[in-house]
Each structure stands twice: as C-alpha cells, then as structure tokens.
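Q: I'd like to learn how to read the pockets in a model like this one. Could you walk me through it?

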Amino acid sequence: MKEEIVHILSTFVAVFVIVDPFAVVPVYLLLTDKYSSQEIVHTRKKATIIAFIILAVFAVTGLSLFNVFSITLPAFQIAGGILLLLF
C-alpha cells in the first residue's frame, strides 16, 4: 500500500512539473484578456479536456511509442534532464 501511494505521488509530481501551471497561467490570462466570462469558462473547459486527453494518450501509448523509435527510458530521462537544464 505504501509503495502505491509513493508511486502515485511521484507520478503526480512528475506530471505537475511537466505541465508547469505557474508558467501557463500568465499566458492563459494574456490570451483570454478580451474574452467574456462565458468564453473564458468555455476555453478553460476545452483546454482542460484536451490536455487530459493528450496526457492520457501518452500515458497509455508512451512506452509503445518509445519501442517503435528504439528509445530506451534511461536515454529519454537523460535527454529530458539535459533539456530542463538548458531551460
């Protein structure tokens, strides 16, 4: 049970870091500056659904996609770490 909780928390933290909501909020506010409140709610719902679908598809098919391109998980982790370091 403890291992499952640790896995769920580490997965949540990883997704949270990837999505980076603190960097997205200013862009979202800038893009929806001239929208009505109804348009903002619609845009928020649509963006949330699309982001969830993209994350879910890659969560289900990600390892298969790596296998197609012969990318190992450690190689992807190293490349991701280098990209994060550059930013």
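Q: How much space lies in the largest pocket?
A: Start with the general idea: rolling a probe the size of a water molecule over the atoms shows where empty space is left. This is a predicted model, and in it the largest pocket holds about 1,100 Å³ of space.

Q: Which residues should I click on to find the centre of the largest pocket?
A: Try A14, V15, I18, F66 and F76, which lie nearest the centre among the 23 residues of the lining. Two or more lining residues come from each of helix 1 (2–19), helix 3 (37–68) and helix 4 (73–86). Helix 1 is the top contributor, with 8 residues.

Q: What is the make-up of that lining by class?
A: For the largest pocket, count 17 nonpolar and 6 polar residues, with no charged ones.

Q: Where do I look for the centre of the second largest pocket?
A: Go to V24, Y28, T43, R44 and A47, the residues nearest its centre out of 13 that line it. The space there comes to about 400 Å³.

Q: Which helices supply at least two residues of the lining of the second largest pocket?
A: Helix 2 (21–31) and helix 3 both do. Helix 2 has the largest share, 6 residues. Helix 3 is thus a name to remember from both places: it also gives two or more residues to the largest pocket.

Q: And how many nonpolar, polar and charged residues are in the lining of the second largest pocket?
A: By class, you will find 9 nonpolar, 3 polar and 1 charged.

Conventions: Residues numbered from 1 in each chain as written. Predicted model: local features only at pLDDT ≥ 70, side-chain atom pairs only at ≥ 80, totals over all residues. Heavy atoms only, no water. 1 Å grid on protein atoms, 1.4 Å probe; cavity = no way out; pocket = protein on both sides within 12 Å on 5 of 7 lines; lining within 4 Å. Points joined across faces, edges and corners; volume = space filled by probe spheres on them. Helix = DSSP H or I, 4+ residues; strand = E, 2+ residues; numbered from the N terminus. Nonpolar A, V, L, I, M, F, W, Y, C, P; charged D, E, K, R; others polar.
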